[in-house]
Each structure stands twice: as C-alpha cells, then as structure tokens.
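The exercises below ask you to read local features from a structure and to work through each one step by step. Please keep the sequence and the model in view as you go.

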Amino acid sequence: MSVRFGGIVALDRVSFAVARGHIVGLIGPNGAGKTTLFNCLSRLYTFSDGRIAFEGRSLLETPPHRIASLGIGRTFQNLALFRTMSVRDNVKLGGHARTRSGYVANALRLPSVRGEEARLGAAVDRLLALLDLQSVADVAVMDLSFGTQKRVELGRALASEPKLLLLDEPAGGLNHEEVGTLMDLLRRIRAELGLTMLLVEHHMNMVMRISDRVVALDFGRKIADGTPAEVQANDDVVRAYLGVAA
C-alpha cells in the first residue's frame, strides 16, 4: 500500500499481515506513517495504490461509514468522547453501529427496537464490568481522570463488537502504574473477547512486552517485521531511533 500527499510519500509500498488473535505493535519515529496507515484502515484516507484486505475482503469496497459494522473498531490518540454525557451513554454509542432498526421503528418504539436496546444495555453492562467502570457508569466523562477516560473510549470501541481493534497511542498520557494496568487489561480483553489488535504506540516497553509481532516504519517504509526480540535487535530500527549504527 502507498499513500501520497502531493509530492510527499507518506507510505511507500508498506505490506504486512496481522494474524487472527494476535496483538501486533506498529512502531516508528514521529512522521514514520503510523497514523496515516491507521487512517487508511479506517477509510479516512484513500491510498494511492495497493490493497487492504480484511477477512479476504478489500476495504476499498467498503464505504467509511460501514467500517465499524464490518468488524473494525478504533480508539484515537486524542480522546473523542462526549464530555457532558455519562460513561454508560458514551460506551452505548459505540454499540449503535451494530443495531439494525431504522428511524421510523425508533420513533415508534416498536418491539424490535426495545429488544435491541435491551441487548445493547446488557452488552454495555458487561463491558463496564470488564473495564472496571461500573462505579462511574453514570458519571459525566468530563468529571473523570484522564486514565479513566481512556478506558471509556476503549469501551466505546469494544461496544461495536469488533474483530480487529485499532489502538492509537492507548498509553499516551498515562503514568507508569496506569500503563501496567492497561497492559493487563488488553491481555484480558484479548483472552475474553478473542480480539485481534493492531497497536500504534511510542511506549516501547509496553509494545515489546504485549505484542506477538512488531512492525517498524521509518519515513513511510517498513524497515522491520518480526518478534519483539528480532525487531529490537534490527540495525535499521536502532538507526531510526538512535541515529547511530548498531
């Protein structure tokens, strides 16, 4: 896959696979192309050439507003929550990507709508328990700590019942203890929900400890792809981060 913005090549023939059930870390210095790649997966950007396949289906055939229903969820580097709404309502919003009732059915509160709402409410309750958010379920997001807000956004992404979860800087702004808690949480989410995760993160210790495989980018090109140990020992990765020969 390649992406160009005018004369700038943001991604240059980047190719890798994410195995079902794996956590794959995507690393690279600022400007390496990590967020651009995420935006292509979310269909926010259109790539110049190449192909992105999800479960054998080309994402080019899927409009951006259908990505969530296809089974791809995402968190964002900058929190995009509704600050005056409660934790429960923010998480519930993510689940509406999976509802099927239309405007008329919702306006008339038909039995099918009530059934969907009941199922969604039960699913939200399970997520609040999984993310340890029950005690703040009815609290407005703006009254919570930054670390707790991060879990709320994670809950909203999970409410869409994704098969693939894109995590954009989930440890950004967290302290050492919160990062440890996040790693444990992501492992538990994968185990309990059977999720596949693609993780963009600058916190190298977290990436290397939690990932099954790591892909490294630099100036829009893939420079390494392997186990955490293999990537840490890669000369090109060392040069990209340290600016010196291995």
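A residue is called buried when its relative accessible area is under 20%, exposed when that area is over 50%, and partly exposed in between. The model is a predicted one.

**Exercise 1. Classify Leu-93 as buried, partly exposed or exposed, and describe its surroundings.**

Step 1. Leu-93 belongs to helix H3, and its relative accessible area is 35%, so the residue is partly exposed.

Step 2. When neighbours within four places in sequence are set aside, Leu-93 is in contact with Phe-82 and Met-85.

Step 3. For a long-range distance, take Val-215, which is 122 residues from Leu-93 in sequence and lies 32 Å from Leu-93 in space, C-alpha to C-alpha.

**Exercise 2. Describe how helices H3 and H6 pass one another, and state which residues meet.**

Step 1. The axes of H3 (residues 87-95) and H6 (residues 146-158) come within 6 Å, and they cross at roughly 35°.

Step 2. The crossing of H3 past H6 is right-handed.

Step 3. On the H3 side the residues that take part are Val-87, Asn-90, Val-91 and Gly-94, and these meet Val-152, Gly-155 and Arg-156 in H6.

**Exercise 3. Analyse helix H7 from its start to its end, and find where its buried residues lie.**

Step 1. H7 covers residues 176-193, which makes 18 residues, and the distance from its first C-alpha to its last is 26 Å, close to the 26 Å expected at 1.5 Å a residue.

Step 2. The buried residues of H7 are Val-179, Leu-182, Met-183, Leu-185, Leu-186 and Ile-189. Seen down the axis of H7, these buried residues fall within an arc of 165°, so they line one face of the helix.

Step 3. The spacing can be set against a general rule: an α-helix has 3.6 residues a turn, so residues three or four places apart point the same way.

Step 4. His-176, Glu-177, Ala-191 and Glu-192 are exposed, on the other side of H7.

Step 5. At the start of H7, the backbone nitrogen of Glu-177 has a side-chain oxygen of Asn-175 within 3.2 Å, and just after the helix Gly-194 takes a positive phi of about 65°.

**Exercise 4. Examine the two ends of helix H10.**

Step 1. H10 spans residues 235-242, and at its start a side-chain oxygen of Asn-234 reaches to within 2.8 Å of the backbone nitrogen of Asp-236.

Step 2. Just after H10 comes Gly-243, whose phi is positive at about 75°.

**Exercise 5. Glu-169 and Phe-219 have positive phi values; where does each lie, and is each buried or exposed?**

Step 1. Glu-169 is not a glycine, yet its phi is positive, at about 55°. The residue lies in the loop between strand E7 (164-168) and H7, and its relative accessibility is 7%, so Glu-169 counts as buried.

Step 2. Phe-219, likewise a residue other than glycine, has a positive phi near 50°. Its place is in the loop between strand E9 (213-218) and strand E10 (221-226), and with a relative accessible area of 70% Phe-219 is exposed.

**Exercise 6. Work out the environments of Arg-74 and Thr-62, beginning with accessibility and ending with contacts.**

Step 1. Arg-74 lies in strand E6 (residues 72-74), and because its relative accessibility is 14%, Arg-74 counts as buried.

Step 2. The side chain of Arg-74 makes polar contacts with the side chain of Asn-39 at 2.8 Å and with the side chain of Ser-42 at 3.2 Å.

Step 3. Not counting residues up to four places away in sequence, the residues that Arg-74 touches include Thr-35, Phe-38, Leu-44, Ala-157, Leu-165, Leu-166 and Asp-168.

Step 4. Thr-62 sits in the loop between strand E5 (57-58) and helix H2 (67-70), and at 2% relative accessibility Thr-62 counts as buried.

Step 5. A polar contact of 3.5 Å joins the side chain of Thr-62 to the side chain of Arg-57. With neighbours within four places in sequence left aside, Thr-62 is in contact with Arg-43, Arg-57, Ile-67 and Leu-70.

Notes: Residues numbered from 1 in each chain as written. Predicted model: local features only at pLDDT ≥ 70, side-chain atom pairs only at ≥ 80, totals over all residues. Heavy atoms only, no water. Helix = DSSP H or I, 4+ residues; strand = E, 2+ residues; numbered from the N terminus. Expected span 1.5 Å × (residues − 1). Buried < 20%, exposed > 50% of the residue type's maximum accessible area, 1.4 Å probe, protein only. Arc of directions from axis to C-beta. Polar contact = N/O pair within 3.5 Å; in protein donor to acceptor, adjacent residues only side chain to side chain. Axes fitted to C-alpha atoms, helices over the stretch in contact; angles between N-to-C directions. Left-handed = near helix turned anticlockwise from the far one by under 90°. Contact = heavy atoms within 4.5 Å.
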